[in-house]
Amino acid sequence: MAPGEAQPEPRAVPRGGAGPQAAAARKQRASARRKAFSLFVKAKEVPAASPGGGAAVWWRCCRQTFRERRGIHRHVGTQHGGDVERQATATGPAGRAVSAERAGGWDSGELCEALPDTSGLRREELTSKVGEVLLYYCYCEVKDPEKLCAWQKALCQHLHLTGKVRVASEGINGTVGGSKVATNLYIEVMLAQPLFKDILCRDDFKSSAGGAHCFPDLRVGVFKEIVPLGIDPKEVSYKETGIHLTPQEFHREVEHYLSQSSQGQSDTILLDCRNFYESKIGHFQGCLAPDIRKFSYFPSYVDENLKLFKNKRVLMYCTGGIRCERGSAYLRSKAVCKEVYQLKGGIHKYLEEFPDGFYRGKLFVFDDRYAICSNEDVISACRYCGTLWDQYKLCSSQHCRQLVLTCLSCRKKGLTACCPVCQEKELQVTSGAPGQALKEECECTKRRPRVPIEHISQDTGED
């Protein structure tokens, strides 16, 4: 434009877009989404036998089987909206997570190392202390765990997330905390990741109020297992897992089990797969909670108590579902149970639908919160005075890392260790020479058998 030349007036743009062209573009996008939705559902079809003996079609997605079309439609609509949108968009951005241009060229099963664009976000949005903690896992074949580990670390740092992520050739298991903007973006990126395509869905992410402050730092590493059962995944695979029950199905099963148990007629065991300090502050009514300190003791517990499980239906549960994947596979490998079921999504998902159901007390979590609450029940007691108390603290003795339940009144009296032995050693450390080395040994560890043997008080089903 020459100096002094009049500037042309800007053309008015009609509301809702640029007239007929915008309307046509919207119509084209809607048509593309409908087509992508149909193709996505079509890809999930599996052959099935109809009651009349003819051929029928079911759908299989996210390790769930859908027998009705409306069921798979509802699942895809709620859990795979982003996948459908990405499939519908041949060019341009695929949501805020990873563009189609960057991720569309990747085959399912390959790792896309792209990071989300956060240039449009203010730093405060990613670092806000008001946020949440995510818990998730995904079993899948990982060809290069080291590369996935490096990408996860870069992704979490990019989004200012803290937490713990375990990577192995069998998949990924993580719990991360950050602002809601950061955690939502993290979920988007994970769902857009080709490596997890058709396996991981939005419902696999469990969330609770929290944030980056719930973890001291970020730890991402490569391990042999994504949950430490202590057995080679090639020997006991997650692919041999028990039957998954939705929270509604599990609730009905527990209700029936409790009804039958009250009459002494049950052939079912409601099994808590967690550690003793977890079940101590919260568990399902009528459950069997093994007095074990680590999940890696669970196989030995099963081996030592096989008679207990003979000819039984077993209902298993854990925090988020991952321990049941391997735990149920191990129990099934012993071929002693009638059937093995597990709670899909774990206690986390159950409490979302039944906050005042059959699970009573707090839910233990592996971060600085130690527990989250869904009901007002307190089912555990102070270590020293016996008053109802369920707020864990670390043993105050420097050599011990065990958790202790000690109420405010007892803490004021200086009773802050997990047992008298630790309390005495704490005094020795305080008054002794600096740097004095002490063994981790106290009443708590001495008196608990590594693998408890249950006493069978009912018919085991043996001839």
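Let us start with a charge and a ring: the charged end of R166 sits over the ring of F223, 3.9 Å from its centre. A second pairing of this kind involves R383, whose charged end sits over the ring of Y384, 5.5 Å from the ring centre. Please keep in mind that this is a predicted model.

**Aromatic pairs**

Staying with rings, a search of the whole structure finds 15 aromatic pairs. One of them joins Y277 and F364, and because their planes stand at 65 degrees, with the ring centres 5.3 Å apart, the pair is edge-to-face. Y277 belongs to helix α9 (residues 276-279) and F364 to strand β15 (residues 363-364), so this pair ties together parts that are 87 residues apart in sequence. Both Y277 and F364 are buried. F364 also meets F366: the centres of these two rings are 5.1 Å apart and their planes are at 80 degrees, so this pair, too, is edge-to-face. Here the surroundings of the partners are worth a look, since F364 counts as buried at 3% relative accessibility, while F366 counts as partly exposed at 38%. Elsewhere, F250, F284, Y317, Y350, F354 and Y359 form one aromatic cluster.

**Salt bridges**

The structure holds 17 salt bridges. Among them are these three:

| Basic residue | Acidic residue | N to O distance |
|---|---|---|
| R326 | E170 | 3.9 Å |
| R219 | D217 | 3.1 Å |
| K349 | E352 | 3.5 Å |

R326 lies in helix α12 (residues 322-333), and E170 in the loop between β5 (162-168) and β6 (171-179), so their salt bridge ties together parts that are 156 residues apart in sequence. Both R326 and E170 are buried. These two residues are also linked with E225 in a network of salt bridges.

The bridge between R219 and D217 has an exposed partner in R219, with a relative accessible area of 51%, and a partly exposed one in D217, at 32%.

K349 and E352 both lie in helix α13 (residues 346-353), three residues apart, about one turn of the helix. E352 counts as partly exposed at 46% relative accessibility, whereas K349 is buried, with a relative accessible area of 10%.

**A closer look at T241**

T241 lies in the loop between β8 (218-222) and β9 (243-245). At 15% relative accessibility, T241 counts as buried. Its side chain makes a polar contact with the side chain of E325, at 3.2 Å. Leaving aside residues up to four places away in sequence, T241 touches C324, E325, S328, A329, R332 and Q342.

Technical notes:
Residues are numbered from 1 along each chain as its sequence is written. This is a predicted model: local features need pLDDT of at least 70, side-chain atom pairs count only at pLDDT 80 or more; totals for chains, interfaces and linings use all residues. Side-chain values use heavy atoms; hydrogens and water are left out. Helices (H or I, at least four residues) and strands (E, at least two) are DSSP runs, numbered from the N terminus. Buried means under 20% relative accessible area, exposed over 50%, partly exposed in between (1.4 Å probe, protein chains only). A polar contact is a pair of N or O atoms within 3.5 Å; within protein, one must be able to donate a hydrogen and the other to accept it, and residues adjacent in sequence count only if both atoms are side-chain atoms. Contact means heavy atoms within 4.5 Å. Rings of Phe, Tyr and Trp (its six-membered ring) pair if their centres lie within 6.5 Å; planes under 30 degrees apart count as stacked, over 60 as edge-to-face and the rest as tilted. A charge sits over a ring if NZ of Lys or CZ of Arg is within 6 Å of the ring centre and within 35 degrees of the ring normal. A salt bridge is a side-chain nitrogen of Lys or Arg within 4 Å of a carboxyl oxygen of Asp or Glu.
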